[in-house]
Amino acid sequence: MQGIAKALGLHGKQLRLTVLQHMHKGIFSWATLISRIQSESPAVIIPHMGLENITVREILKAKGEAQAGAVYWCSTSHLVHEAVKHMTAQNVGALVVLKSGDEKQLAGIVTERDFARKVLLPGRHSEETRVEDIMTEEDKLITVTSNTNILRAMELMTDEHIRHVPVFDEKVVGMISVGDVVRAIVDQQHQEVKQLKKYITGDYY
């Protein structure tokens with residue numbers, strides 16, 4: 001039951017940096033992140049196992065992506081307007097980009113931040129701009145695997161100043177966001193508090 005306290009003691013600074021970056025970068029705010037977390041079902045996201053034992057695979061399972069193979073994507077030839085509509089419809093902040101004509105090959109990632117910085121601010125037309133013109137290309141892409149520890153994923157997001165990371169196991173199997181990581185950490189903390197309360201009140205012998 002000391003797992004969360006120990007992990008937060010070791011990685012609490014990393015978590016704070018991740019949250020602060022989410023507050024100050026891009027078009028989404030901390031209030032948006034909190035709202036999204038609070039809007040989720042109060043049911044347990046991931047069974048209590050300690051942060052040091054949680055991998056990206058558990059996050060994907062909790063999101064339902066591991067079983068369904070749900071990967072939200074677009075191709076390099078899609079117009080930015082189409083990609084943004086797809087993000088809005090799926091309530092996601094990023095799409096994996098696959099190569100046009102070869103939709104099994106990863107080309108990069110496009111995010112709402114790309115849209116804001118490379119289309120909105122310069123005054124470009126989303127109906128005339130293709131995804132390949134604003135995406136982060138594969139050679140600059142940061143990815144994780146299903147076996148990556150959640151704390152390592154958080155560290156990568158903080159160090160690289162990113163909020164969405166594709167999960168790549170020989171092929172793209174999903175996407176995690178900083179919101180997913182924070183939600184899992186908060187959920188584990190809540191479960192540990194519940195266990196401590198049960199221990200204090202005598203439910204554990």
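## Helix α3 and what follows

Helix α3 spans residues 56-63, and its buried residues (under 20% relative accessible area with a 1.4 Å probe, protein chains only; exposed means over 50%, partly exposed in between) are V56, E58, I59 and L60. Helices here are DSSP runs of H or I with at least four residues, strands are E runs of at least two, and both are numbered from the N terminus. Just after α3 comes G64, which has a positive phi near 85°.

A quick word on the ground rules: this is a predicted model, in which local features need pLDDT of at least 70 and side-chain atom pairs count only at pLDDT 80 or more, while totals for chains, interfaces and linings use all residues. Residues are numbered from 1 along each chain as its sequence is written, and side-chain values use heavy atoms, with hydrogens and water left out.

## The loop with T145 and S146

Let us move to the loop between β4 (136-137) and α7 (150-160), where T145 is found. S146 sits in the loop between β4 and α7 too. How covered is S146? S146 counts as buried because its relative accessibility is 6%. T145, with a relative accessible area of 33%, is partly exposed.

Setting aside neighbours within four places in sequence, T145 is in contact (heavy atoms within 4.5 Å) with V56, V167, F168 and D169. On the same basis, the contacts of S146 include T55, V56, R57 and L60, along with V167, D169 and V173. V56 and L60 are among the buried residues of α3. T145 and V167 lie 22 residues apart in sequence, yet their C-alpha atoms are 5.1 Å apart in space.

## The β5-β6 hairpin

V167 brings us to strand β5 (residues 164-168), which is mostly covered, with 4 of its 5 residues buried. Strand β6 (residues 172-177) pairs with β5 in the antiparallel sense over 5 bridges (pairing requires at least two DSSP bridges between the strands). One of the partnerships joins V165 to I176 in β6. The two strands form a hairpin with 3 residues between them, and E170 in the turn has a positive phi of about 70°.

## The chain as a whole

Zooming out, the protein chain has 8 helices and 6 strands, arranged along the sequence as α-α-α-α-β-α-β-β-α-β-α-β-β-α. Of its 205 residues, 41% count as buried. Among contacts between residues at least 6 apart in sequence, 64% join residues at least 24 apart.

The accessible surface, from the Shrake-Rupley method with a 1.4 Å probe, comes to about 11500 Å², and 52% of this belongs to carbon and sulfur atoms.
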